[in-house]
Amino acid sequence: MLGQLEKLKQNALQELENIASAAKLESWRVHYLGKKSQLTAILRSLATLPLEERKTVGSQANEVKTALETSLEEKGQLLREAKLTAAGEGHIDITLPGRPFPVGGLHPITQTLYEIYDIFASMGFQVVEGPEVEWDYYNFEALNIPDEHPARDTMATLWVDFETEEGKRPMLLRTHTSPMQIRVMEKMEAPLRVIMPGKVYRYEASDATHVPMFYQIEGLAIDKDITMADLKGTLYEFARRFFGEDRKVRFRCDYFPFVEPGVEMAIECLVCNGSGCRLCGNTGWIEILGAGMTHPQVLKNGGFDPEVYNGFAFGMGIERMPMLRYGIDDIRLFYGSDLRFLRQF
Ligand code: FA5
């Protein structure tokens, strides 16, 4: 039986030499190593042999099996390589890894918006969006800024008047997100806590800190016993979470016709830590938002009784936030489409 095994091995290996296709290789495998092969029959018959013979034949049969299996594996590899080379000959090297698809990322302003949503969501604020093309009524009138009010001059407006049968109705690209205060009040019941993000437009020339289209997030809270302490607490918490625990925050009086009293919130300059630099105009502070207690007339315009309800509102420019955090000294970089800048975030 030992001679039979040796012969089997020689025949198998010789045949294998001449094989040139995967199909033939498979037939070879079935013939020499398959369930009905001579080798399998020998291995099965081992149990019937006397002990001594079983040992020698068994070890020889296993050795042949291993040799055939190894040769089969090697031949398979050779055939696969030959096939790849033939396919690629004169064309391309198809064994090279493919070109990766470029994967985009979120714009730094979008990232900032998402981060701010998370902070306010954790304080119970929900996000509400509204139109960028707005009626004069919501953008100005209902916010205590009637025609000819000097506050209109602070927001150079892009008008897109709307023709109706009765004549022109004043329409504009919203100059701030504050019109959403009225829209939300008209639709929602108190108590309410909302933030209202979006693009706003001003007819202004661009410079290092101004662009004609930028993002704001408006905030509004209305309930029965809201105080200035609630406003300050909410904005302190926001500044602490966004700019870090130790960053100093300052509130000062300011004027916006739709709040009374009105304040501006500034944070200690992140570039010079308050000692004065170009970014903060040597003051050590940078204003990031306007805020205040909702004016009673504005509550009335939104359908709330100011004898029962009160509220606070704030509005922040978004581009300034990453500018401060990363020391970016020109706002136009965000909208310049320079991928070398944008890919850093
Ligand atoms: C307002 O727009 C008020 N609606 C804010 C407000 C809301 C006050 C609710 C009270 C209650 P202001 O015009 O100051 O305020 O603009 C707010 C922020 O927008 C500024 O602090 C600044 O960060 C940003 N901003 C203003 N103009 C530009 C501009 N041209 N480019 C980029 N950011 C600007």
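**View A. Leucine 43 is partly exposed on helix H3.** With a relative accessible area of 23%, leucine 43 counts as partly exposed, because that class lies between buried (under 20%) and exposed (over 50%), using a 1.4 Å probe and protein chains only. The residue belongs to helix H3, which runs over residues 38-45. Helices (H or I, at least four residues) and strands (E, at least two) are DSSP runs numbered from the N terminus. This is a predicted model, in which local features need pLDDT of at least 70 and side-chain atom pairs count only at pLDDT 80 or more, while totals for chains, interfaces and linings use all residues. Residues are numbered from 1 along each chain as its sequence is written, and side-chain values use heavy atoms, with hydrogens and water left out. To get a feel for distance, look from leucine 43 to alanine 156: the two are 113 residues apart in sequence, and their C-alpha atoms are 94 Å apart in space.

**View B. Helix H4 carries a buried glycine and a partly exposed threonine.** Helix H4 covers residues 51-88, and threonine 85 is found in it. Threonine 85 has a relative accessible area of 47%, so it is partly exposed. Glycine 76 lies in H4 too, but its relative accessible area is 10%, so it is buried. The C-alpha atoms of glycine 76 and alanine 22 are 7.3 Å apart in space, although 54 residues separate the pair in sequence. For threonine 85 and glycine 290, 205 residues apart along the chain, the C-alpha separation is 69 Å.

**View C. The span of helix H5 agrees with its expected value.** How far apart should the ends of a 14-residue helix be, at 1.5 Å a residue? The expected span is 1.5 Å times one less than the number of residues. For H5, residues 108-121, that gives 20 Å, and the end C-alpha atoms are indeed 20 Å apart. The helix has several buried residues for you to find, among them Pro108, Ile109, Leu113, Ile116 and Phe120. Thr112, Tyr117 and Ile119 are on the buried list as well.

**View D. A shell of 25 residues surrounds the ligand.** A residue is near the ligand if one of its heavy atoms lies within 4 Å of it. Which residues come nearest? They are His176, Ser178, Arg202, Glu204 and Gln216. Three strands each supply at least two residues of this shell: E7 (213-223), E10 (285-294) and E11 (310-317).

**View E. Polar contacts link the ligand to serine 178, valine 211 and glutamate 287.** A polar contact is a pair of N or O atoms within 3.5 Å; within protein, one must be able to donate a hydrogen and the other to accept it, and residues adjacent in sequence count only if both atoms are side-chain atoms. Start at serine 178, where an N or O atom of the side chain is 2.8 Å from a nitrogen atom of the ligand. At valine 211 the partner is a backbone N or O atom, 3.1 Å from a ligand nitrogen. An oxygen atom of the ligand lies 3.3 Å from a side-chain N or O atom of glutamate 287. On its own the ligand has 680 Å² of accessible area, and the protein covers 93% of this; such areas come from the Shrake-Rupley method with a 1.4 Å probe, and for residues only the protein chains shown count as cover.

**View F. Glutamine 216 reaches toward threonine 177.** Glutamine 216 is found in strand E7 and is buried, with a relative accessible area of 10%. Its side chain comes to 2.9 Å from the backbone nitrogen of threonine 177.

**View G. Two prolines follow cis peptide bonds.** One such bond joins alanine 190 and proline 191, with omega about -5 degrees. Proline 191 sits in the loop between helix H7 (179-187) and strand E6 (192-201). The other joins glutamate 260 and proline 261, where omega is about 0 degrees. Proline 261 has its place in strand E9, residues 259-268.

**View H. Asparagine 144 and serine 337 have positive phi values.** Is asparagine 144 buried or exposed? At 17% relative accessibility, asparagine 144 counts as buried, and its phi is near 65 degrees. Its loop runs between helix H6 (136-139) and strand E3 (162-164). Serine 337, with phi near 60 degrees, is exposed at 57% relative accessible area. You will find serine 337 in the loop between helix H10 (320-326) and helix H11 (339-342).
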